[in-house]
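The following exercises are to be worked with the sequence and the model in view. Each task is followed by a solution in steps.

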Amino acid sequence: MRENIALVFFIPAILALGGTVSCQSATRMVVEVVGEGDRDGRLGRSLAGEAFIGLTIAVLCGVVISIFAWSMRGDTRLGLVVGLAAACTVLFAALIGSMMPPALKTLGRDPARASEPFLAVVMDIMGLAIYFLVAVALI
């Protein structure tokens with residue numbers, strides 16, 4: 001890590017992206033789950049829609065943060081690591097965030113109360129893990 005100290009600069013951004021995207025996806029799915037339930041396969045369409053939105057946000061955030069990281073140091077590998085890790089974290093966050101409320105409802109728990117605190121912890125851990133795994137693999 002000492003040789004690649006610039007990686008530390010982007011840790012808050014990676015964690016913030018994961019946390020906010022997972023909570024947004026969970027909030028949207030809580031409305032679906034608590035609202036009218038799975039009327040006419042609506043829950044499946046909502047999950048697919050959240051996956052698509054997550055992928056779109058992942059690509060956009062990955063490209064933007066990659067360009068920023070590259071321009072900061074002129075290091076292509078740094079830009080690639082930060083961008084890929086951001087994209088992977090955002091996609092994972094959208095998927096986990098959108099699946100948590102239906103899973104909690106199935107388990108008999110209130111998804112409106114339990115989703116976001118649990119997601120905050122999971123995404124902090126997974127965001128760091130994804131970031132460091134990508135960095136180790138590419139640097």
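A polar contact is a pair of N or O atoms within 3.5 Å; within protein, one atom must be able to donate a hydrogen and the other to accept it. The model used throughout is a predicted one.

**Exercise 1. Polar contacts of two helix residues**

Task: Determine which backbone oxygen the side chain of Thr89 reaches, and describe the surroundings of Thr89.

Solution.
Step 1. Locate the residue: Thr89 belongs to helix α4.
Step 2. Examine the side chain, which reaches the backbone oxygen of Ala85 at 2.8 Å. This distance lies within the 3.5 Å limit for a polar contact.
Step 3. Assess burial. Thr89 counts as buried because its relative accessible area is 1%, and the limit for burial is under 20%.
Step 4. List the neighbours. Residues up to four places away in sequence being left out, Thr89 touches Ile14, Gly18, Met123, Gly127 and Ile130.

Task: Identify the backbone oxygen that the side chain of Ser66 reaches.

Solution.
Step 1. Ser66 is part of helix α3.
Step 2. Its side chain reaches the backbone oxygen of Gly79, at 2.8 Å.
Step 3. Once neighbours within four places in sequence are set aside, Ser66 is in contact with Gly79, Leu80 and Gly83. Gly79 therefore appears both as the partner of the Ser66 side chain and among the contacts of Ser66, contact meaning heavy atoms within 4.5 Å.

**Exercise 2. Overall architecture**

Task: State how many helices and strands the protein chain has, and describe its dimensions and surface.

Solution.
Step 1. Count the elements: the chain has five helices and zero strands. Read from the N terminus, their order is α-α-α-α-α.
Step 2. Consider the extent. Along the principal axes, the C-alpha atoms fill a box of roughly 50 × 25 × 20 Å.
Step 3. Consider burial and surface. The chain has 139 residues, of which 40% count as buried. About 7700 Å² is exposed, and carbon and sulfur atoms supply 71% of that area.
Step 4. Consider the contacts between residues with a separation of 6 or more: residues 24 or more positions apart account for 75% of them.
Step 5. Take one pair as an example of sequence and spatial separation. Thr56, in helix α3, is 31 residues from Ala87 in sequence, while their C-alpha atoms are 9.3 Å apart. Thr56 is partly exposed, at 34% relative accessibility.

**Exercise 3. The nonpolar cores**

Task: Find which helix gives the largest share of the largest nonpolar core, and which residues have the most contacts inside that core.

Solution.
Step 1. The largest nonpolar core has 24 residues, and those with the most contacts inside it are Leu7, Phe10, Leu78, Val81, Val82 and Tyr131.
Step 2. Two or more residues are given to this core by each of α1 (6-9), α2 (11-34), α3 (42-73), α4 (76-106) and α5 (111-138). The largest share, nine residues, comes from α4.
Step 3. Follow one core residue outwards. Beyond four places in sequence, Tyr131 touches Leu7, Phe10, Ile11, Ile14, Val81, Val82 and Ala85.
Step 4. A second, separate core has five residues, among them Ala26, Ile96, Met100 and Leu104.

**Exercise 4. Aromatic pairs**

Task: Establish how many aromatic pairs the structure has, and classify two of them by geometry.

Solution.
Step 1. The whole structure contains three aromatic pairs.
Step 2. Phe9 and Phe10 pair edge-to-face, with 5.0 Å centre to centre and 90° between the planes. Phe10 is buried, at a relative accessible area of 2%.
Step 3. Tyr131 and Phe132 form a tilted pair, with 5.8 Å centre to centre and 35° between the planes. Tyr131 is buried at 1% relative accessibility, whereas Phe132 is partly exposed at 30%.
Step 4. Phe9, Phe10 and Phe68 belong to one aromatic cluster.

**Exercise 5. Cysteines**

Task: Explain why Cys88 is not bonded to the closest cysteine sulfur.

Solution.
Step 1. A search of the whole structure finds zero disulfides.
Step 2. The closest cysteine sulfur to that of Cys88 is in Cys61, 13 Å away; no bond forms because this is too far. A disulfide requires sulfur atoms within 2.5 Å.
Step 3. Cys88 counts as partly exposed, with 34% relative accessibility.

Terms used
Residues are numbered from 1 along each chain as its sequence is written. This is a predicted model: local features need pLDDT of at least 70, side-chain atom pairs count only at pLDDT 80 or more; totals for chains, interfaces and linings use all residues. Side-chain values use heavy atoms; hydrogens and water are left out. A nonpolar core is a set of buried Ala, Val, Leu, Ile, Met, Phe, Trp, Tyr and Cys residues joined through side-chain atoms within 4.5 Å. Buried means under 20% relative accessible area, exposed over 50%, partly exposed in between (1.4 Å probe, protein chains only). Helices (H or I, at least four residues) and strands (E, at least two) are DSSP runs, numbered from the N terminus. Accessible areas come from the Shrake-Rupley method with a 1.4 Å probe; for residues, only the protein chains shown count as cover. Rings of Phe, Tyr and Trp (its six-membered ring) pair if their centres lie within 6.5 Å; planes under 30 degrees apart count as stacked, over 60 as edge-to-face and the rest as tilted.
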